[in-house]
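Visitor: I am new to this structure and would be grateful for a close look at how its secondary-structure elements are placed against one another. Could you begin with a contact between helices and then continue to the strands?

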Amino acid sequence: MRRILFSLWLLFASLSLVAQQYDVVIAGGRVMDPETGLDAVRNLAIQNGKIVRISSDKLSAKRTIDASGLVVAPGFIDLHQHGQDLESEKLKALDGVTSALEMEIGVPDVAEFLKSKDGHSIINYGTSASHAAARVLAFGSSIPSGQVLPIAGRATNEEASPERIRRIETRLNSEVDAGALGIGMGIAYTPGATDWEIIQVFSVAARRSIPVFTHVRSSVSEVGIPSVSEVISAAAVTGASLHIVHVNSSCLANAPECLQMIAGARARGLDVTTEAYPYIAGMTAINSALFNPGWREQFGIDYSDLMLPETGERLTKQRFEELHNSEKPQLVIMFVNKQEVVDGVIPNPLVMVASDGAPGHPRAAGTYALVLARYVRSLRTISLMDAIRKMSLMPAQRLEKSTPDARRKGRVQEGADADVVIFDAQTIADKATYQDAFEPSVGVKYLLVAGTLVVDRGKLVPEVYPGRALLGPGKQMKY
């Protein structure tokens, strides 16, 4: 009898030990959660893609990661990432990003985009519905294959008739039904859009309870100020939520005034947010409407401030006109801002970080490491916790109106998704330059997406695709 009881006790003890075995334990790291303010050495347990326990107790797992001396933070969320190919995802992962979404402009076909990424993505993804694509379609044309920006022409520059605006609204509604997280408006790329067209698009977003993500209109006088006023007004009269992309490059030297306008709108109850990237140069399509006549006066730059990312060639008037008038898409880097402007924008408490990343510009590879290296470690204008908040919690909160899934991201808390970055705060740094835009950042030691290791000991894990779609209200009941 005693032997039977002892055997039963051994069986119970073994079962208890197995029950405490987690998939992954991150041990001894400095766990930082920007929502609760937790900043302490803890052990973190992951099971079935979720964070299930945060404790000072020793925890057991199939895989234990020694995070001693490292920061354990929510994976960074990039709301503004144009490069959605696999190579771009690898660079994002090594920069600490666990979710990279195409929200500024959106993609021409939401269903096609989601299908193409399903089961083939290293990190999480999602998109907005494209007003630009809907507008071009309403004019009987289309956006070039593989691109998100329309080529300048009748469909971008002409005023839309009431019938065309109705077609735009119909298309946007169908794209929301397909799973879009918002409506993307590149108003600078569709200068023919009237105030009324913009208000009608904002009204669609308000009815569907999703934000509008907008690149504001280009303006020769008082760069940024009238353009920001236009979209804040549209938000006010429709009740739509508004996110203004890259306030640094949209407003340039007037960025402080634009941020004051955003703060004023928020103080009066409007749901307005914004973002910035930490670089002085932008990048866009040279044959887009952004380069309609007057662009040099608007931006205060000349042809030689434009550079081809593939070769480093600085443009002349003749070369610009050749490329601008071509039907072939061509990206160009624009040295348009000043470092002191960017350095003043990034620390602002209203500003979250987003990369505007696309192949050929260093921001696609280095945005998040650069923020940590420059503004936290070097200039000390942002605390480490504030930087993490700007790169994880704030973007997650912007997405919460679109999807309840966002409430489980941007946090290191029990019950949150196990999208986690583990990095060395003393060594993390960007390496990408305008001459070598594809050089990955260093200092991210581990990255987990839904509990699956994507970066292990600073190296990408081959052939793992744990990334999942973040879906808007049109698809949430169907998945």
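Guide: A definition is needed before the helices are described: an axis is a line fitted to C-alpha atoms, for a helix over the stretch in contact, and the angle between two axes runs from 0 to 180 degrees between their N-to-C directions. It should also be said at the outset that the model is predicted.

With that in hand, consider helix α7, residues 195–208, and helix α8, residues 225–238, whose axes lie 9 Å apart and meet at an angle of about 50°. This angle makes α7 oblique to α8, because angles under 35 degrees would count as roughly parallel and those from 65 to 115 as roughly perpendicular. The handedness of the crossing of α7 and α8 is right-handed. On the α7 side, the contact is made by Asp195, Ile198, Ile199, Phe202, Ser203 and Ala206. On the α8 side, these residues meet Glu230, Val231, Ala234, Ala235, Val237 and Thr238. Sorted by type, the residues of the contact between α7 and α8 comprise 8 nonpolar, 2 polar and 2 charged.

The strands may be taken next. Strands of a sheet pair through backbone hydrogen bonds, and the pairing may be parallel or antiparallel. Strand β1, residues 21–32, is a useful starting point. Together with strand β2, residues 39–47, β1 makes an antiparallel pair over 7 bridges. Within this pair, Val24 has Ile46 of β2 as its bridge partner, and Arg30 stands opposite Val41 of β2. The two strands form a hairpin with 6 residues between them, and Gly37 in the turn has a positive phi of about 85°.

From β2 the path leads to strand β3, residues 50–55, which pairs with β2 in the antiparallel sense over 5 bridges. Here Asn43 stands opposite Ser55 in β3. β2 and β3 also form a hairpin, with 2 residues between them, and Asn48 in that turn has a positive phi of about 55°.

β1 has parallel pairings as well. Strand β4, residues 60–66, runs parallel to β1 and is joined to it by 6 bridges; the bridge partner of Ala27 in β4 is Asp66. Strand β5, residues 71–74, likewise pairs with β1 in the parallel sense, over 2 bridges, and Val31 has Val72 of β5 as its bridge partner.

Another sheet involves later strands. It is open, consists of 3 strands in the order β14-β16-β15, and has antiparallel pairing. The edges are β14 (281–285) and β15 (306–307), each of which pairs on one side only. Between β15 and β16, the latter covering residues 331–335, there are 2 bridges, and the two strands run antiparallel. Met307 has Ile333 in β16 as its bridge partner.

A covalent link completes the account. The count comes to 1 disulfide, and it joins Cys251 to Cys258 with an S to S distance of 2.2 Å. The torsion about the S-S bond of Cys251 and Cys258 is about -100°, and the disulfide is therefore left-handed.

How values were computed:
Residues are numbered from 1 along each chain as its sequence is written. This is a predicted model: local features need pLDDT of at least 70, side-chain atom pairs count only at pLDDT 80 or more; totals for chains, interfaces and linings use all residues. Side-chain values use heavy atoms; hydrogens and water are left out. Two strands pair if DSSP finds at least two bridges between them. Helices (H or I, at least four residues) and strands (E, at least two) are DSSP runs, numbered from the N terminus. Angles under 35 degrees count as roughly parallel, over 145 as roughly antiparallel, 65 to 115 as roughly perpendicular and the rest as oblique. A crossing is left-handed if the near helix is turned anticlockwise from the far one by less than a right angle, and right-handed if clockwise. Contact means heavy atoms within 4.5 Å. Ala, Val, Leu, Ile, Met, Phe, Trp, Tyr, Cys and Pro count as nonpolar, Asp, Glu, Lys and Arg as charged, and the others, Gly among them, as polar. A disulfide is a pair of cysteine sulfur atoms within 2.5 Å.
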